[in-house]
Amino acid sequence: MQDNIAAILGAADEWSKEQNDVIKEKPRATGMLWHVGLVMKHVKYHYRCVIYGRDEVCRLSKAWQRQMGVSNEVAQNPFYNVLVEDSSNRYAAQENLIPCPPDELGPIPHWEVSKYFQRWTGKLYLPGETLCKCYPEDAEYLQSQL
């Protein structure tokens with residue numbers, strides 16, 4: 001039984017290493033305003049969130065875009081994956097996000113924050129290893145803000 005457990009754990013460790021090897025760097029596109037790790041506020045729905053991913057344009061389906069009322073023009077601009085203070089994950093257009101006002105700035109109470117970030121600095125989140133690999137330019141920017 002111990003041999004089976006050791007084999008399973010070994011296989012899981014190998015799979016994890018392989019997944020880290022396939023992490024692709026996502027260079028910043030011209031026109032991207034925000035960085036992974038920044039705490040933002042949604043201008044329409046007023047929720048606070050932290051950015052944990054970004055796309056140069058909307059990558060979700062046309063059906064999703066229609067359902068969410070995303071125009072073709074807006075869909076051609078940057079979109080961000082965000083962890084929201086209500087514990088949801090959302091995909092937000094750049095035009096709908098602004099930096100969180102100082103009087104509302106604070107940690108985002110989301111169960112996945114520790115999955116993506118090392119720590120809260122008091123004004124932003126420092127990305128973990130995986131986000132640093134995916135978004136090295138964002139990680140450099142965040143370090144410069146400390």
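## Strands, core and charged pairs in a predicted model

In strand β7, Tyr125 is the residue that serves as the bridge partner of Trp120. This pair belongs to a model that is predicted, and the description below moves from its strands to its core, its charged side chains and its cysteines.

**Strands**

Strand β6, which covers residues 117-120, pairs with β7 in the antiparallel sense, and the pairing runs over three bridges. In the hairpin that these strands make, four residues lie between β6 and β7, and Gly122 takes a positive phi near 110°.

Elsewhere, five strands form an open sheet, whose order is β4-β3-β2-β1-β5 and whose pairing is antiparallel. The edges of this sheet are taken by β4 (89-93) and β5 (97-99), each of which has a single partner strand, so one side of each is left without a neighbour in the sheet. From one strand to the next, the twist averages 50°. At one of these edges, β5 pairs with β1 over three bridges in the antiparallel sense, and here Met40 stands opposite Pro99 in β5.

**The nonpolar core**

In soluble globular proteins, nonpolar side chains tend to be buried together. In this model the largest nonpolar core has 29 residues, and those that touch the most other members are Val82, Leu97 and Phe117. Two or more residues of this core come from each of the elements β1 (39-42), β2 (48-55), β3 (79-84), α4 (113-116), β7 (125-127) and α5 (129-134). Apart from this core lies another one, of seven residues, including Val70, Val74, Tyr91 and Ala93.

Which residues does Val82 touch, not counting residues up to four places away in sequence? Its contacts of this kind are Tyr47, Cys49, Val50, Ile51, Tyr52, Ser88, Asn89, Arg90 and Leu97.

**Charged pairs**

Side chains of opposite charge can pair when their charged atoms come close. A search of the whole structure finds nine salt bridges, and the table gives some of them with the distance between the closest N and O atoms.

| Salt bridge | N to O distance |
|---|---|
| Arg54 and Asp138 | 2.9 Å |
| Glu112 and Lys115 | 3.5 Å |
| Arg59 and Glu56 | 3.9 Å |

Arg54 lies in strand β2 and Asp138 in helix α6 (residues 136-144), so their salt bridge ties together parts that are 84 residues apart in sequence. Both Arg54 and Asp138 are buried, and these two residues are also linked with Arg28 in a network of salt bridges.

The surroundings of the other pairs in the table can be described in terms of relative accessibility. Glu112 counts as buried, at 8%, whereas its partner Lys115 is exposed, with a relative accessible area of 57%. Arg59 is exposed as well, at 52%, while Glu56, at 47% relative accessibility, counts as partly exposed.

**Cysteines**

How many disulfides does a search of the whole structure find? The search finds zero. The sulfur of Cys49 has its closest cysteine sulfur in Cys100, at 8.4 Å, which is too far for a bond, because a disulfide calls for two cysteine sulfur atoms within 2.5 Å. Cys49 counts as buried, with 0% relative accessibility, and Cys100 is buried too, with a relative accessible area of 9%.

Key. Residues numbered from 1 in each chain as written. Predicted model: local features only at pLDDT ≥ 70, side-chain atom pairs only at ≥ 80, totals over all residues. Heavy atoms only, no water. Core = buried A, V, L, I, M, F, W, Y, C linked by side-chain atoms within 4.5 Å. Buried < 20%, exposed > 50% of the residue type's maximum accessible area, 1.4 Å probe, protein only. Contact = heavy atoms within 4.5 Å. Salt bridge = Lys/Arg side-chain N within 4 Å of Asp/Glu carboxyl O. Pairing = 2+ DSSP bridges. Axes fitted to C-alpha atoms, helices over the stretch in contact; angles between N-to-C directions.
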